[in-house]
Amino acid sequence: MVDFKMTKDGLILMVEDYVSIEEILTEITDKLTQMGSFFTKGDEVALFIENHSKHVQDIPKMISRIKDFGLSVSRILVGKPEESGSSSGMKVVQKGETKSGTRVIKRNIRSGQVIVHSGDVIVVGDLHKGAEIMAGGSVVIFGRAEGVIRAGLNEGYKAVIMAVDLQPTLIQISDRMTHDKGVEKVPSIAHVRAGRVVIDKWDEVDFEEVVKA
Amino acid sequence: MIGIFERGGLVAKVLVVTSGKGGVGKTTITANLGCTLAKMGEKVALIDADIGLKNLDVVLGLENRVVYTLLDVVQGRVKPQEALVRHKVLRNMYLLAASQIATKEMVSPEDMKALVKELERDFDYILIDSPAGIERGFRNAVSPAHMALVVTTPELTAISDADRVIGLLENFGFDDDSIKLVINRVKPKMIKSGDMLTQDDIKSALALDVLGIIPDSEDVIIATNKGIPVVLDGVPLTSTFENIARRLQGEAVPVEKDLKVSENKGFWDFFKHLFRRRGEK
């Protein structure tokens, strides 16, 4: 089931636990077509996903479907929505989130573990093969990164991915992906240049260009 | 029967031997570690949690002595103590066998916790042999344990599965101190020639302490088929398991010692083969 919920923080698209992603995508399309006149291009909605850990791989699909309607996803919300009468009752802030919206994880992320966060993510440890990070903003890993890293799911092409040893199986920034890896054991930065994800060594990257992108 | 187990207020160390991937040696390690601890004078119970695909009784040579199984205990037909089978040689080691006709879904993690709780005052060590996989059977085996031995071989597939299992163990509340790595089927010759991952490679890939390194040995296959655990068969691997058991008891035995066995083994093998050949003639 897909439904909109109005809160003081804006509109939230609530996606209940589901079995088929295809059905959900159709429902999102129907809902947005129905409400077509309500939105203007560039409006922001938040996306709440019930039981998100089961559906992480579908999140980019939902976001891109919402983007097809000219809307952008401001935040990805997870956890349990608070049931209360007032519109401000809706509080879906993830555990460990700081005021700045950055989540800091001080451990190794192992195969099968998924980190979903709407802001930036900092990992002090390794990202093992088979593990995954999905961040609304940028991802910085102080360690070896071998899993899947998805960044910029809210922020778009401005997001960057950095790691001391950048050897991921897949990098995604917003809707752009690459299987490229950094030079072994050389700190590297992945960012979007001219619509493509490129990986630069730390001492060769043009930070001004990265920031402007 | 309960009387003979009385040990005052002490509670057993409960260990689960698990791996994710199948065929890496969980059952063999459970059996041999159990035998080694029992030889050192500890009172040991082995629990086969691989319901429907049991093996531990075969490896221990106790197949024909099993009367009641884990399922009989869980379903309340007998007390855990009554279902235990005493080992033929090591009189302070017992086995709780799995049922071959049942399925893993017929037992719950709560059942396992209750069962172990009833046994924990009677033993020094309780070793649980976990099935392969990460489903119900795995959860059953893991839930009553205080410590997990994750078995892996020096292959990328086994390491990747071990990593997944370690992640799941962390979700169950285990931490770096209660998860230990056992590397099985190591071939020192292949490591020397650079064709096999070293213990350091594995240690850095999984970021965990290594409890033991077990060299690959044909003796294990021979012993398993005889139904006599390797450590009771008088082969060189015995000292490796003794090192692991001592580390479990809290002694600081360097891991490097484990592979010393197999370095000498070439020499030992040479003689063994020499005699065997003469005998055949």
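Salt bridges to start with. Searching the whole structure, which is a predicted model, gives 22 salt bridges over all chains. One of them joins K54(A) and D17(A), with N to O at 3.0 Å. Look at where the two partners sit. K54(A) belongs to helix α2, residues 52-55 of chain A, while D17(A) is in the loop between β2 (10-15) and α1 of that chain. The two are 37 residues apart, and the pair links distant parts of the chain. As background, side chains of opposite charge can pair when their charged atoms come close.

Next, the aromatic pairs. The search over all chains returns 3 of them. F4(A) and F39(A) make up one such pair, and its geometry is tilted, with 5.8 Å from centre to centre and 50 degrees between the planes. Why does this pair tie together separate parts of the chain? F4(A) is in strand β1 (residues 2-7) of chain A, and F39(A) is in the loop between α1 (21-34) and β3 (44-49) of chain A, so the pair ties together parts 35 residues apart in sequence.

Now the domains of chain A. The assignment gives domain 1 as 2-92 and domain 2 as 102-210. Their C-alpha centres lie 25 Å apart. In the contact, domain 1 of chain A contributes 11 residues and domain 2 of chain A contributes 9 residues.

Interface size is often given as the accessible area lost when the parts come together. For these two domains of chain A, the buried area is about 850 Å², and carbon and sulfur atoms give 66% of that. Which residues supply 49% of the area that domain 1 of chain A buries against domain 2? They are V56(A), P60(A) and I76(A), and no other three residues supply more.

What about specific polar interactions between the domains? The count of salt bridges between domain 1 and domain 2 of chain A is 0. Residue pairs in polar contact, with both at pLDDT 80 or more, also come to 0 between these domains. On the domain 1 side, the elements that give two or more residues are α3 (59-68) and β4 (72-77) of chain A. By class, that side of domain 1 of chain A has 7 nonpolar, 2 polar and 2 charged residues.

Last, the interface between the chains. Chain A puts 8 residues into the contact and chain B puts in 11 residues. The area buried between chain A and chain B is about 720 Å², with carbon and sulfur atoms giving 33%. R110(A), S111(A) and Q113(A) supply 66% of the area that chain A buries against chain B, more than any other three residues.

How many salt bridges are there between chain A and chain B? The count is 2. R110(A) forms a salt bridge with E170(B), where the closest N and O atoms are 3.1 Å apart. Between chain A and chain B there are also 8 residue pairs in polar contact, both residues being at pLDDT 80 or more. The side of chain A that touches chain B has no nonpolar residues, 5 polar and 3 charged.

To put the two interfaces side by side: carbon and sulfur atoms give 66% of the area buried between the domains of chain A, and 33% of that between chain A and chain B. Salt bridges number 0 between the domains and 2 between the chains.

Conventions. Residues numbered from 1 in each chain as written. Chains lettered and ligands numbered in written order. Predicted model: local features only at pLDDT ≥ 70, side-chain atom pairs only at ≥ 80, totals over all residues. Heavy atoms only, no water. Domains from an automatic or database assignment. Contact = heavy atoms within 4.5 Å. Buried area = accessible area lost by both parts, 1.4 Å probe. Salt bridge = Lys/Arg side-chain N within 4 Å of Asp/Glu carboxyl O. Polar contact = N/O pair within 3.5 Å; in protein donor to acceptor, adjacent residues only side chain to side chain. Helix = DSSP H or I, 4+ residues; strand = E, 2+ residues; numbered from the N terminus. Nonpolar A, V, L, I, M, F, W, Y, C, P; charged D, E, K, R; others polar. Phe/Tyr/Trp six-rings, centres within 6.5 Å; stacked < 30°, edge-to-face > 60°.
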